Amino acid sequence: MAMKLSALSLLVVLANQKGNNMSMVRRTLKNLPPPTEADLERLRKLSEMPDETIDYSDIPPLPDDFFVNTKRFDELYRPNKTQVTVRLDADVLAWLKKGGKGYQTRLNNILRQAMLKS
């Protein structure tokens, strides 16, 4: 499965091609230098290039199971937790605890789903 480069990846590639300097350059979205006219022209030409004309021969193909263990950002996202005291009806708490360890996480998930629906 061939993958296209993002605009940020293309800028990094273009930046590395300019001087062929092997020193480490650390870039983030906040400290990227503005693209030059030549960079913009190169990116425009690349964006107009049909996928069929791109030479991927130097990139090994990805195996079918390459993405099996990947996780989506929302699976990795962990918001800050705040400790609170909440009063629940006894039957609601019993129902949550009936599922075993992790009843607070279940309660948080239920509340999050309700929040996302509203």
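Colleague: Helices here are DSSP runs of H or I with at least four residues, and strands are runs of E with at least two, numbered from the N terminus. Which helices supply at least two residues each to the lining of the largest pocket?

Modeller: Those are α3 (73-76) and α5 (103-117). A pocket is an open set of points on a 1 Å grid over the protein atoms alone, where a 1.4 Å probe fits, with protein on both sides within 12 Å along at least five of seven lines; lining residues have an atom within 4 Å of a point. This is a predicted model, so local features need pLDDT of at least 70 and side-chain atom pairs 80 or more, while totals for chains, interfaces and linings use all residues. Residues are numbered from 1 along each chain as its sequence is written, and side-chain values use heavy atoms, without hydrogens or water.

Colleague: Which helix gives the largest share of that lining?

Modeller: Helix α5 does, with 9 residues. The whole lining has 22 residues.

Colleague: Which of them lie nearest the centre of the pocket?

Modeller: K81, Q104, T105, N108 and N109.

Colleague: And what is the lining like by class?

Modeller: There are 9 nonpolar, 8 polar and 5 charged residues in the lining of the largest pocket. Asp, Glu, Lys and Arg count as charged, Ala, Val, Leu, Ile, Met, Phe, Trp, Tyr, Cys and Pro as nonpolar, and the others, Gly among them, as polar.

Colleague: New topic. How many salt bridges are there in the whole structure?

Modeller: The search finds 3, each being a side-chain nitrogen of Lys or Arg within 4 Å of a carboxyl oxygen of Asp or Glu. One of them joins R42 and D39, at 3.6 Å from N to O.

Colleague: Where do R42 and D39 sit?

Modeller: Both are in helix α2 (residues 37-48), 3 residues apart, which is about one turn of the helix.

Colleague: Is D39 buried or exposed?

Modeller: D39 is buried, with a relative accessible area of 5%, whereas R42 is partly exposed at 34%. Buried means under 20%, exposed over 50%, and partly exposed in between (1.4 Å probe, protein chains only).

Colleague: What does R44 pair with?

Modeller: R44 forms a salt bridge with E41, the closest N and O atoms being 2.4 Å apart. R44 also meets E48 in a salt bridge, at 2.8 Å from N to O. Those bridges share partners and join E41, R44 and E48 into one network.

Colleague: How far apart are E48 and R44 along helix α2?

Modeller: They are 4 residues apart, about one helical turn. E48 is exposed at 52%, while R44 is partly exposed at 36%.
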